[in-house]
Amino acid sequence: MSQYQALGGRILTKPFMVLGLIFAISLYFMFERFVTGGMGAVSNLNGGFAWGIWVVYDVVIGTAFACGGYALAIAVYVFNKGQYHPLVRPAVLASLLGYALGGFGAFFDMGRFWQFYEIFLPWNWNFNSVMLEVGLCVAIYILVLAMEFAPALLEKLGQKKLLKSLNKVLFLFIALGILLPTMHQSSLGSLLIAMGHKVNPLWQVMHMQPLLALMTAILMGFSIVLFEASTVTVGFKRKSETHMLTGLGKIIVGLLIAFLVVRFGVLMFQGKLGLIFAGDFASFMFILENILFVIPLIILLSPERRAQGSKLLIAGVCLLLAGSLYRFDAFLLTFNPGPGYNYFPSVPEIMITLGVIAFELMAYIVIVKLLPVMHREEHA
Amino acid sequence: MKRRNFLKTSLGGTVTAAAALGGTVLSGTAQARENLEPAPEAVGMLFDSTLCVGCKACVTKCKQVNDMPPTIEGDHTAWDSARDLSGDTLNVIKVYQNGTSATKDAEIDGFCFEKRSCMHCVDPGCVSVCPTTSMQHNPITGIVTHHPETCIGCRNCMVGCPYNVPQFQYNEVFGQINKCQMCNQKGVERIDNGQMTGCAEVCPTGATLFGPRKLLLQEAKQRMTLKKGDIYNYPRGDISKPDNYYEKEVPDYKQHIWGEKEAGGTNVMHISSVSFDKLGMPPLGERSAPSVAEGVQHTLYSYLALPALALAGLTYTVKQNTSNHDDDDGGES
């Protein structure tokens, strides 16, 4: 008997149809982007802001949201915290969808999408390029996530023999599934280094970029697990998983303290602490961002609050906002390519991103209803 | 089955995690490589803002050489109205204005012209960040070229360029990145044929001067030593074989040769009597940012040694932590 169950139930619920509508609208703009008008027709991208929300939200932030599988894999398989195991499969599914759609987001942001395969040809590779590492690593990781999630599909199909062989080698994919995000999530930070002066000094920490990016990715990974588990409990009326999440809260506290120490340590070492209080837009955003990092720390420091589902959810949401804002601030909001350039995403641009998110949520809902993803409650 | 076996301590896990994350921590002490040096026979241009009269002959010539359409604004069809670089404008003349704009080359109540085109960096960011080697740096001439046949359009070159030079043709479904290639791209090859760049050739005042970087730098340094009001013999065209010279009064040069050292230096250098931050040049130090990025990348990924080590440790630990939980159902993962 599998430890997992399909949730079942009607697929075409009202929320599902609303998501479908959003996705349908985005299809119209995708058609315009790929067939009739080009990128300029649907987006406000320009010569100074070559990367807008498609890169910064869909890829840089979207894949961090998709780090739940990665963060849990570290906890369960590296630190042998088996008690979190029931959370792994839904988290892997969310990661698979998040990354797959991040990959898709990268595709429609690709100016020369019809020759995307050029990045996979070894004779083209430039080993100095951070982007090369990100591109290849993310592509391979999507395949690894698919393998990690394959058992759910094989169980559904009743392919016992195949499932058994896969389980024999699964540890290899799990190991890769920890290594690859470590590489590309840190590299997403390294992308900022070469942008030099365009990145605001409060975020331009040069060679410390990969460490901060990795720490926020893992933090966001654990937070999304808190968020997902709480939402699923409410949305699908399942038994609360708070007892498991409490422990995650404790892990988050440790990571969060380490992150803040590194971040402020680096700024102090680079002599930039004064910029925090400069009173300009960047300093405002920096303070706002760090308030969002500190609120969950305060919440989670207390064991009583850690045991409350609602407090855990608030902490998780704050951290997701904080991590997103960290990346938005660095890549877009305080990004300054020089005089004459401004950027705010256009409506079609936003609609395409919303469409991608809607599709991701729809796929998640369908899959948890059809495939054995959620842990059986009596085992929990 | 219940897989709550806590016999294993998390010691193994801690070690592996340290290995996996260690690489990143190491980057904290990563030594960035040095800036690249100028190519041995680097060619470039010297733009003397004080000589530019804003005729924009260079803009028109550039469009002819590169077969690009003029930018028309309103009813002004007599000249190219491009205001900045774009997918089909590789060279543009911008105007600086302050206060009453009465005096040419005065920072206050004055005006002057500034050229924008690829600076052909000695240590180019666009080349460093391009995943598919679609931006290349000629090792002899130092010219930075673009090769759309392998480009995926990720536009990292655009954000990685301190000057926002590479520009994408956003208004086409099948667009490409464009930038100045010093008139030496396939099918043009003016430099290989012993000619000079189009913009330098048509410049009536020698504001855009073509030639070997060494000679241009020498010339720029000499102009820095001139006294305001003296008469100097300005060359036109190619500095190694000027078409002709003309005498002109020396302006009040700022003691700054842009591109001598900025971010490792550029092959296209600028001098001016208005400070460069006012002319929209970026706040650059001497260190090139890509050299730091490459230092981090190579520390972490040299021969994939660290990732391989981390993978070995992770595989071992994961195997340890899953093997004693296997049940008949194989419900791991």
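Let me start with terms: helices here are DSSP runs of H or I with at least four residues, strands are runs of E with at least two, and both are numbered from the N terminus. With that in hand, chain B has eight helices and twelve strands. Chain A comes to 13 helices and two strands.

One caution before we go on. This is a predicted model. Its scores are ipTM 0.93 and pTM 0.91.

Now the confidence in chain B. The average pLDDT of chain B is 88, and 87% of its residues score at least 70. Where does the pLDDT of chain B stay under 50? One such stretch is residues 1-15, for which the model has 21 contacts beyond four places in sequence. Residues 23-29 of chain B are also below 50, and that stretch has 18 contacts in the model beyond near neighbours in sequence. Where pLDDT is low, the predicted coordinates should not be read in detail. Keep that in mind when you look at those two stretches of chain B.

Next, chain A as a whole. The C-alpha trace of chain A spans about 65 × 55 × 45 Å along its principal axes. Why can we call its radius of gyration that of a compact globule? For 380 residues, a compact globule would have a radius of gyration near 21 Å, and chain A has 21 Å, so the two agree.

Burial comes next. In chain A, 56% of the 380 residues count as buried. In chain B, buried residues make up 47% of 333 residues.

Then contacts along the sequence. Take the contacts in chain A with a separation of 6 or more: 82% of them are between residues 24 or more positions apart. For chain B, among contacts between residues at least 6 apart, 64% join residues at least 24 apart.

Let's split chain A up. The domain assignment gives domain 1, residues 1-191 + 348-375, and domain 2, residues 196-339. Note that domain 1 is listed in two segments. The C-alpha centres of the two domains of chain A lie 21 Å apart. Their contact takes 30 residues from domain 1 and 30 residues from domain 2. Which helices supply at least two residues each to the domain 1 side? They are helix 3 (53-65), helix 4, helix 5 and helix 7 of chain A. Helix 7 of chain A has the largest share of that side, eight residues. The domain 1 side divides into 21 nonpolar residues, nine polar and no charged.

Now the core. The largest nonpolar core has 207 residues, and A:Leu72 and A:Val225 have the most contacts inside it. Helix 8 of chain A gives the most to this core, 15 residues. Where does the core sit relative to the two domains of chain A? Both domains give residues to the core, so it lies between them. In soluble globular proteins, nonpolar side chains tend to be buried together.

Zoom in on A:Val225. Leaving out residues up to four places away in sequence, A:Val225 touches A:Gly68, A:Ala71, A:Leu72, A:Leu87, A:Ala91 and A:Leu248.

Some of those names belong to helix 4. How many of the eleven residues of helix 4 of chain A are buried? Eleven of eleven, and the helix is mostly covered. Among the buried residues of helix 4 are A:Gly68, A:Ala71 and A:Leu72. After helix 4 of chain A comes A:Asn80, with a positive phi near 55°.

For contrast, go to helix 12 of chain A, residues 309-333, where A:Ser310 lies. Buried or exposed? A residue counts as exposed if 12 or fewer other C-beta atoms lie within 10 Å of its own. A:Ser310 has 10 within 10 Å, so A:Ser310 is exposed. The C-alpha atoms of A:Ser310 and A:Pro345 are separated by 33 Å, and the two residues are 35 residues apart along the chain.

Last stop, the two chains together. In this model, 72 residues of chain A are in contact with 72 residues of chain B. Several helices of chain A each supply at least two residues to that side, including helix 1 (14-36), helix 6 (130-157) and helix 8 (209-235). Helix 7 of chain A gives the most, 15 residues. The chain A side divides into 39 nonpolar residues, 26 polar and seven charged.

That's the tour. Thank you.

Methods. Residues are numbered from 1 along each chain as its sequence is written. Chains are lettered from A and ligands numbered from 1 in the order in which they are written. This is a predicted model: local features need pLDDT of at least 70, side-chain atom pairs count only at pLDDT 80 or more; totals for chains, interfaces and linings use all residues. Two residues are in contact if their C-beta atoms, placed from the backbone, lie within 7 Å. Ala, Val, Leu, Ile, Met, Phe, Trp, Tyr, Cys and Pro count as nonpolar, Asp, Glu, Lys and Arg as charged, and the others, Gly among them, as polar. A nonpolar core is a set of buried Ala, Val, Leu, Ile, Met, Phe, Trp, Tyr and Cys residues joined through C-beta atoms within 7 Å. A residue is buried if 20 or more other C-beta atoms lie within 10 Å of its own, exposed if 12 or fewer, and partly exposed in between; C-beta atoms are placed from the backbone. Domain bounds come from an automatic or database domain assignment. The radius of gyration is taken over C-alpha atoms; the globule rule is 2.2 Å times the number of residues to the power 0.38. pLDDT is the predictor's confidence in each residue, from 0 to 100.
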